[in-house]
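Student: I would like to learn how to read strand pairing and internal cavities in a model. Could we take them in turn?

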Amino acid sequence: MSKRKIQAAHVPIGECITQVQQILRERLCHQQLPDRPEGLEAQRKHLLELLRRTAIHGESNSVLIVGPRGAGKTMLLKCVLRDLLEETEAQKNLLQVHLNGLLQTDDRIALKEITRQLHLENVVGDKVFGSFAENLAFLLDALKKGDRTSSRPVLFVLDEFDLFAHHKNQTLLYNLLDVSQSAQAPVAVVGITCRLDVLELLEKRVKSRFSHRQIHLLSKPTFTQYLAQVRTQLSLPADFSDNQFAEDWNASVKTLVEDKSAVDVLQRHFNSTRDFRSMHMLLMLCLSRVSVAKPAVQPADLLEASRLCFSDAKANILHGLSILELCLIIAMKHLNDVYEGEPFNLQMVHNEFKKFLQRKSNSMYNFEPPVIMKAFEHLQQLELIRPLDSSAARIQREYQLMRLMVDHSQIMEALQKYPQCPTDIKQWAMSAFS
Amino acid sequence: MAELFQHPGYEEERLRRVAEQLPCREVQTGMLLSLMGQPHQYSYPSIFIYGHRASGKSHVMHVLLKELELPHATVSCVECVSVALLFEQVLLAFFGCDAASLLPRSASLSDFVRVYRQQCSQAPAKQTRYIVMEKAELLRDTDANLLPALLRLQELVEDNVTIILLSEIVWDKFRPNTGCFEPLLLHFPDYSKGELQRILSQDRHPSYSDEFYSSYINILLGVFYSVCRDLRELRHLAALNFSKFCEPLEEGKVKETDTHKLWRNIEPHLKKAMQTVYLREVSSVQWEQMQQMEEKENGALRGLSAHTHVELPYYSKFLLIAAYLASYNPARTDKRFFLKHHGKIRKTNFLKKNEKTSNHLLGPKPFPLDRLLAIFYSVVDSRVAPTASIFSQISSLVTLQLLTQVSHDDQLDAPKYKCAVSMDFICAISRTVNFEIVKYLYDFL
């Protein structure tokens, strides 16, 4: 594409790139809502219908949205809420309470949060009065007094629902589901969780009050759908300020998802994981390489990004060890080979290392025991080795039993990549019997 | 370095200053800058940076955020003994002290997010806010909810905020049970030998030439590189030993170019430094004093580990010897070592063939009190009465941590002990009472 021409006719290219970054970053990093959740049409309809019945007809409901991480649970709920609130009646009626299991770690905090979000009368400013029991009684009273026709429906959204099940006696869950079962103020309880066995966590009395309505987001996209998803995620919207640039960009994205090497990379990612989050991460890494000098995503960017995603962290750490530390790791590997995974201590490792030094004539690696101890402790700090039990204070340091946390193949791979690795050490690592 | 200048949204002058301050980290800085994007754009919610100690993680972040004047809060997880301190620091850095005072006394995550949102609605972010957490591996030991919540902070507070975690440990060891929002992983590779040389040569002495200092660094790396790649440690060692390196030059014995003679002079000195200063046996102040005192041989000053000699009462010494023998000898050999008329036991009889590993490899074994006393009576020549003082000496050896009590279930009835002293220590002790301990040790038979 001829850059010069575009620049003359339309918005300058720097501006375009800035806008592209702005739009795509909002989509990839900020998890901006799409117009319509893809591949989740049935679930969307189900949830929308359910919430509408609460918001407009005053039915009490409870539902769980279950799916693995990054499957679009929150996105689905937010989309449905957005659609629901477009109706004026629902907008006028519905009260929303959003709780998160990560934040509201016990019932007391959750209750405070509920009273705050409902703007109840005894709240002055942001301060909540009263004890926990008073608060609960007040809240339940308020909910009980209402009935189906007169009071406004309340929507409770419990994010990370499984964490609420760990609260003491599950009081909050019990009360919420109890209200939803009896003819009191209409409430809808929507739980979002990634645990498939979440119902097993609930107490019997809580479970019996739950409606057992579950929405599963276990959709398995095919690879073609995955590719289409990548394309829509990267494409620019129609209302982009510079039409010519948007067309060129979209065309380049189209050629990208048809490119052989790019498809190979995406296939590899598809095989390892299918969730949106990891796809977003990959695309974000690609996007960060787009600049004025290079105003399109190339297959090479995708390759580089996937190399970053798939790089083995432990191998990276092994690469930065000193020669002495590497020797200790090899000695540990030999000990693991000989004694079949039995734990070892520093004395044994040192002994193994000394055996290697004795076979060799020159004593380049003849270090003092305290220096070796320091190297050993550094390995422990990096958590490449782990103590068997944590009663560290009662055992001398050189006799504390350890386990190696690195795979043999990782060690061999790291040795191949190690810069200027001495040949004898390589040979030592290769030899099966030390 | 040229690619650093291409990030739009930042002033070129500042980017140039950043590049100057970060030698050998151009690739990582460029990568970070392109991930951060322009100040007003969204950045990825959480970035996890890992790499070895002193590979420039904190330094790069600090210089970037400082020079580009981005709103940021740097929190060291070592300092934050409670999460409330962490929240306070973050709020203080972003919204000033008014916001920090809004937090209740023992603030929970919920309070933090509430205050943050409230402040954020008053002062919405014009630029991406960054929270840098140093030593992030300590976050695993705090509240289990903290790390997952921080990783999705952008979603929770609905603000343009990015968490940057710095750690030495790989991400795989952080992942909680039920999963979390995966951060973007970024690796800071270790400095190669050439890069270390380049960085260390930068802080040269003003009164000597560049080549002279870099040849010194070369020699230093030749000695220490196989043991230590920590830039800070190497820099410390370089600063400590440079005066010694220059000594022959000041005396006029050699010229600057005579590298071989300089090397001959400094190399044994550096080898000695590895055994003393590197292990902190001798503090750097003592080391400098030693260099000034010419006549005193280096290392003649006793290091920390030379002070392990302990003055003990006569019977305590024998108790300790007996404990050592009980810990490192198998019980079935006691008869042969300590009984006068043990009959005929041939050596081959009790040398079991499958016993290849010696006890000095496996560490001390626990032994009951009875065995300790039996060995003690056998090794002490004179007759000793089992008085209260003997027993109190045993328990005082435990408090001195020369012995350790193994099981705490019963204090009086048949307690078990382990000996927790090293071979050198016990040899020194037995020499003072003229007892040849090596003759009684099964491993050295």
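Student: Which sense does the pairing of S7(B) and S8(B) have, and over how many bridges?

Tutor: In this predicted model, strand S7 of chain B, residues 403-405, is antiparallel to S8(B), with 3 bridges between them. One point of contact is B:Gln405, whose bridge partner in S8(B) is B:Tyr417.

Student: Which strand pairs with S8(B) over 2 bridges?

Tutor: That is S6 of chain B, residues 367-368, again in the antiparallel sense. Here B:Pro368 has B:Lys416 of S8(B) as its bridge partner.

Student: Where do the side chains of S8(B) point?

Tutor: In a regular strand, side chains alternate between the two faces of the sheet. S8(B), residues 416-419, shows this alternation: B:Tyr417 and B:Cys419 are buried and point to one face, whereas B:Lys416 and B:Lys418 point to the other and are not buried.

Student: Now the cavities. How many cavities of 30 Å³ or more are there?

Tutor: There are 2. The largest holds about 70 Å³, and the second largest about 40 Å³.

Student: Which helices supply at least two residues each to the lining of the largest cavity?

Tutor: Helices H6 (107-118), H7 (132-145) and H9 (171-181) of chain A do. The lining includes A:Leu111, A:Leu139, A:Phe156 and A:Asn175. By class it has 10 nonpolar residues, 1 polar and no charged.

Student: What lines the second largest cavity?

Tutor: Residues of both chains do: A:Lys314, A:Ile317, A:Leu382 and A:Leu384, together with B:Glu168, B:Ile169 and B:Val170. This lining has 5 nonpolar, no polar and 2 charged residues.

Key: Residues are numbered from 1 along each chain as its sequence is written. Chains are lettered from A and ligands numbered from 1 in the order in which they are written. This is a predicted model: local features need pLDDT of at least 70, side-chain atom pairs count only at pLDDT 80 or more; totals for chains, interfaces and linings use all residues. Side-chain values use heavy atoms; hydrogens and water are left out. Buried means under 20% relative accessible area, exposed over 50%, partly exposed in between (1.4 Å probe, protein chains only). Helices (H or I, at least four residues) and strands (E, at least two) are DSSP runs, numbered from the N terminus. Two strands pair if DSSP finds at least two bridges between them. On a 1 Å grid over the protein atoms alone, a cavity is a set of points where a 1.4 Å probe fits but cannot get out, and a pocket is an open set with protein on both sides within 12 Å along at least five of seven lines; lining residues have an atom within 4 Å of a point. Grid points are joined across faces, edges and corners, and a volume is the space filled by probe spheres set on the points. Ala, Val, Leu, Ile, Met, Phe, Trp, Tyr, Cys and Pro count as nonpolar, Asp, Glu, Lys and Arg as charged, and the others, Gly among them, as polar.
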